[in-house]
Amino acid sequence: MSPPLAAMVVVVFSVLLAGSSHAGPEMDPYKILGVSAGASQAEIKKVYKRLAKEWHPDKNKDPAAEDMFIKITKSYEILSSEDKRANYDRYGQTDDSQAYSSSRYSHRQDSFYFDESFFNFPFNTKNHRDFTDSKYTLQFNQYVGEVVPDSYRRPYLIKITSDWCFSCIHIEPVWKEVVQEMETLGIGIGVVDVGYERRLANHLGAHRTPSILGVISGKVTFFHYAVAKEHLRQFVEDLLPQRLVERITDKNQQQFLNSWHSLNKPHVLLFDQVPVVPLLYKLAAFAYKDYLQFGYVDQGLAETAELQKRFNINTYAPTMLVFKENTDKPADIIQAKGMKKQIIDEFMSNNKFLLAPRLVNQKLFDELCPVKQFHRRRKYCVLLITADEETFSFGKQEFLSFASTNTREVVRFAYVYQRLQQPLCDILMHSEDSSQSTAQVVILERRNAAGKALFKPVTAWNGSEEEKLRLLEELERLQKDPSILIQDAMLPELNNEFASMFVVRWIYASYDYLTEVIDDILHNNWREMMPLLSLIFSALFILFGTVVIQAFSDSSDDKQMKPKAKDGAKAENGSSGTSSSSSRPPKKNFVEVTELTDITYMSNLVKLRPGHINIVLVLTDASKNILLSKFAKEVYSFTGSQTLHFSFLNLDKHGEWMSALLEYAQSAMHVEADEDESGSRKTDHTGFVLALNGYKKYLCLFKPVYTGEDLDGKSSEDEAAASVGRPRPGSRDCHPPRKSSRSRSTSTLQIHHKLDRLGLWMERLMEGTLPRYYVPEWPGLDKITASK
């Protein structure tokens, strides 16, 4: 080997050894937790709990406690997972995002080792995702469990990205700049990788990358404009409700400050030189909207000069004042050129409640008088039970004056109206009398969330100096001996006195929702709008088509009924007095009856669809009008069925077909014949009704019953049973022969009563209990031609 080549090899190996010496793991989880490499999961978990408790930043004030706590947590995360632990034991990795480039792994490679930075393309792959993205990466459970509840206190800005997203690269510089600014304002930031969190992306409704959306109060709103810093800032401002901050001038200042009593909140005023409300102040107003009422004073307006002079406001720096019960003097004040979020949060947190607020709901009661947790965290509530009449105003004012002198952090003051919180007051005052004429002061301590509390009625309260002195003595005794609260009770949940404001809130929420929908319609591209537009147009087409078809159908039916009305087939409104439980309600106010001829023979009988039945009335020219009218009345209630069709057969034209049909079925039925004047027997079929099943080739027969002559005559069902050859006493077979109904002497009344029992027969037909007479085939077309 030549000297130059040997020197090059030495240099290469030196570089590799130096690189391997710096490629070792950043931390040793075994060393941090103080366990051996063979420690069991139980031992690791036990040590982790002890160390986490010892180094928790809330309990350990050591400056290095936070970093140590993070290392302990990370070490436990590695060693508690079998895969991560095995990965660390094999390759020395402490992070999933690290490439397999540690010293242990690189020494085992037979080929050359190339640093991945050699192939460092600017794509959002998992191993090369920007550190800001990995810091804010969201998972589905994290979004549902943390982001959504937190969005009721601050808005979130979320970016939707994916691997190999070219467009994502272009917005990255703007996104980083916006994230740095928004995070300092307290806005939540999130990143969703569609490739790894498809479920969350679908839940948010994000179907393309890159996308940016905002989440506030659990509601998702998409960003539709060009990705620029100014546009994103305006987008965040638009997410916030419009009525968070009220503009205050000299005209409305007193009205704003005096509304503390009705709203039961302290009021905050911000004085600044800028004409628009700063975003930081809007965000603070949104975070504390349930506790404080916010107003903004533009110092550059002449209409605010009196207000600035009244409170001696410095025009060179933003000033924030908080007012409680005293509207002439602020309860607290801060002034700073660089108003930071941490300063504002601390200021707001220290002034969330009035000196003596009114208990208006359970949420306020829980925060003002929390449940006892530890001995050192006791909270006592001094509660004034009073009325909202004017005569009690002096007592309330003196109670407030007493509360303003309180310096004990463990004591909170509040009052309650007996009329509005009657169940609570009855328990604390041991009285069911709602007409209590005097106010009373009670000291209480809540013991658990179920409502248990210890309390002691102190004194009746009118605001006298003697009563104030007695209350002060009791509070001093309480500080030395908490056992003086000797009475206990289960407190009921407080009524929500602001529940009536729900309608107003609902109107505002509906307005915001409609605004969002209109905004989405205006800014969504057509590809995103296609499913919605398709659904809308499909619904309109179906609705319009149904109306048009129904209109043409009704028009056609009306045209068809006109000639039938001339023949007496038009039905009258109403039913026959017998209802069918097995049929649907009629859809029309008439019965459509067609004549069975050689033209309609195939469609109405031979080729009738399976399950369909044609009800055929047999008549003559003389009885046509009377029988059709009666037939329509009897079958009207069955016209709602989709399987029934109605026809009539004229014996004067097609008598041969009727005779041929009965001849086919004569082995199964018996139809009596009447004698004519010459003494020959001839069958009278007028008023007969046939139920023809064209597919299965059977018929059911209804024979007329003359109820007009014989009120005790048997029903058509009995007649049908008798027709199969089983005569019984009282049947028509035992009656003497009657004259033919086709005789000229037959009265109109007799013809009209032939179909009196047809409704009952139709019910049995629908139930399937009528006898069926099968025929080998239907008579041919030659029998259906008109008789000559």
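**Salt bridges and a buried strand residue**

A network of salt bridges links Glu177, Glu181, Lys229 and Arg233. The model in which this network appears is a predicted one. In total, 23 salt bridges are present in the structure.

Within the network, Lys229 pairs with Glu177 through a side-chain salt bridge, with an N to O distance of 3.4 Å. Because Lys229 belongs to helix H11 (residues 229-239) and Glu177 to helix H9 (residues 166-185), this pair ties together parts that lie 52 residues apart in sequence. The side chain of Lys229 also meets that of Glu181 in a salt bridge, here at 3.5 Å, N to O. This second pair likewise links distant parts of the chain, with Lys229 in helix H11 and Glu181 in helix H9, 48 residues apart.

The residues of these two pairs were also assigned by solvent accessibility. Lys229 has a relative accessibility of 30% and therefore counts as partly exposed. Glu177, at 40% relative accessibility, is likewise classed as partly exposed. Glu181 has a relative accessible area of 18%, and since the cut-off for a buried residue is under 20%, Glu181 is assigned as buried. Lys229 thus forms salt bridges with Glu177 and with Glu181, of which Glu177 is partly exposed and Glu181 is buried.

A further salt bridge joins Glu367 and Lys352, whose closest N and O atoms are 3.7 Å apart. Glu367 is located in helix H17 (residues 362-368), whereas Lys352 is located in the loop between helix H16 (341-349) and H17; the two residues are 15 apart in sequence, and the pair links distant parts of the chain. With a relative accessible area of 27%, Glu367 is partly exposed.

Contacts were also examined for Ile216, a residue of strand S3 (residues 211-216). Ile216 is buried, its relative accessible area being 4%. When residues up to four places away in sequence are not counted, Ile216 touches Ser151, Pro155, Leu239, Leu240, Pro241 and Phe286. One of these contacts, Ser151, is separated from Ile216 by 65 residues in sequence, while the C-alpha to C-alpha distance between the two is 4.8 Å. Another of the contacts, Leu239, falls within the residue range of helix H11 (residues 229-239), the helix in which Lys229 lies.

Definitions and conventions: Residues are numbered from 1 along each chain as its sequence is written. This is a predicted model: local features need pLDDT of at least 70, side-chain atom pairs count only at pLDDT 80 or more; totals for chains, interfaces and linings use all residues. Side-chain values use heavy atoms; hydrogens and water are left out. A salt bridge is a side-chain nitrogen of Lys or Arg within 4 Å of a carboxyl oxygen of Asp or Glu. Helices (H or I, at least four residues) and strands (E, at least two) are DSSP runs, numbered from the N terminus. Buried means under 20% relative accessible area, exposed over 50%, partly exposed in between (1.4 Å probe, protein chains only). Contact means heavy atoms within 4.5 Å.
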